[in-house]
Amino acid sequence: MKKGEATRRNIIQKSAVIFNQKGYITTTMNDIIQETNIQKGGIYRHFKDKEQLMHEAFQFSAETMRHHLMASVSQHEKAEKKLLALVETFLQLSEGKPMIGGCPIFNAAVEMDDLEGSTLLPLIDEAMEMLIHWVEKIIAEGISQRDLKQSVQPYDTAVYIVSTLEGGLVLGKLKQDGQVTNIIKNQLIHYISMMNERQ
């Protein structure tokens, strides 16, 4: 990797962490300068403006989370085990794994959903749809392989699981005692086990 490419990637990675913790609007270029130790001119050599940096930092964050989830899920063959691994790994976001600040998709969505003309919103929507459809695919494959009950609705179930996980992260962050996260985890484990064809 060339020096310029390495510098650009370093700016994206460090900016992604700040944006996910402080928010895209609240984070200033001075915050990014302080974190990266690169002056404004050096940053603008790689990005035309803060908006472009926001876009690329968000995509980096969403991709980092997606790869982390997929690495965990891919270790299993059966749909039930894949879904259980998803729940376990997703809730690790409350512990700062693989990134500090929680789910980057949800965080950005809450911040941007009522900002008219936000150019980041379509990217957020696309990232969330990718997450939901990936879970939907796991469920659909489980049904076709007769690991999960034929009565299970893949898309509806995927939306329910993802929204429950997202809500669990927010409540867990608010309460800061770990109890809510465990409740969400246990309830989803029970819910997924009820989808098993053997039940």
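**Helix packing and backbone features of an all-helical chain**

Phe60 is placed in helix α4, and in this predicted model its surroundings outside the immediate sequence are formed by Arg9, Ile12, Gln13 and Ala16, with which Phe60 is in contact once neighbours within four places in sequence are left aside. Gly167, by comparison, is separated from Phe60 by 107 residues in sequence and by 22 Å in space, taken from C-alpha to C-alpha.

The chain as a whole contains 9 helices and 0 strands, so that, by the DSSP assignment of helices and strands, its order along the sequence reads α-α-α-α-α-α-α-α-α. The C-alpha trace spans about 60 × 35 × 30 Å along its principal axes, and 43% of the 199 residues count as buried. Among the contacts in the chain with a separation of 6 or more, 68% are accounted for by residues 24 or more positions apart.

Helix α2, which comprises residues 29–36, has Met29, Asp31, Ile32, Ile33 and Thr36 as buried residues, and these pack against α1 (3–22), α3 (40–44) and α4 (50–73). The packing of α1 with α2 is described by an angle of about 130 degrees and a distance of 10 Å between the axes; since angles over 145 degrees would count as roughly antiparallel and those from 65 to 115 as roughly perpendicular, the two helices α1 and α2 are therefore oblique to each other. The crossing of α1 and α2 is right-handed. On the side of α1 the contact is made by Ile11, Lys14, Ser15, Ile18, Phe19 and Lys22, and on the side of α2 by Asp31, Ile32, Glu35 and Thr36. By character, the residues of this contact of α1 with α2 divide into 4 nonpolar, 2 polar and 4 charged. Of the residues of α2 in this contact, Asp31, Ile32 and Thr36 also appear among the buried residues of the helix.

Helix α5 (79–90) was examined in terms of its length and its burial. At 1.5 Å a residue, its 12 residues should span 16 Å, and because the end C-alpha atoms are 16 Å apart, the expected and modelled values agree. As 9 of the 12 residues are buried, α5 is largely enclosed by the rest of the structure; the buried residues are Ala79, Glu80, Lys82, Leu83, Ala85, Leu86, Val87, Thr89 and Phe90. What covers these buried residues of α5 includes α4, α7, α8 and α9 (179–194).

Several backbone features in the loops were also noted. Most residues other than glycine have a negative phi, and most peptide bonds are trans. Asn37, which follows α2 and lies in the loop between α2 and α3, has a positive phi near 60 degrees although the residue is other than glycine. With a relative accessibility of 67%, Asn37 counts as exposed, because the cut-off for exposure is over 50%. Arg146, located in the loop between α7 (121–144) and α8 (154–175), likewise is not a glycine and has a positive phi of about 60 degrees; its relative accessible area of 56% places Arg146 in the exposed class. The peptide bond from Lys97 to Pro98 is cis, with omega near 0 degrees, and Pro98 is found in the loop between α5 and α6 (104–112).

Key. Residues numbered from 1 in each chain as written. Predicted model: local features only at pLDDT ≥ 70, side-chain atom pairs only at ≥ 80, totals over all residues. Heavy atoms only, no water. Buried < 20%, exposed > 50% of the residue type's maximum accessible area, 1.4 Å probe, protein only. Helix = DSSP H or I, 4+ residues; strand = E, 2+ residues; numbered from the N terminus. Contact = heavy atoms within 4.5 Å. Axes fitted to C-alpha atoms, helices over the stretch in contact; angles between N-to-C directions. Parallel < 35°, antiparallel > 145°, perpendicular 65-115°, else oblique. Left-handed = near helix turned anticlockwise from the far one by under 90°. Nonpolar A, V, L, I, M, F, W, Y, C, P; charged D, E, K, R; others polar. Expected span 1.5 Å × (residues − 1).
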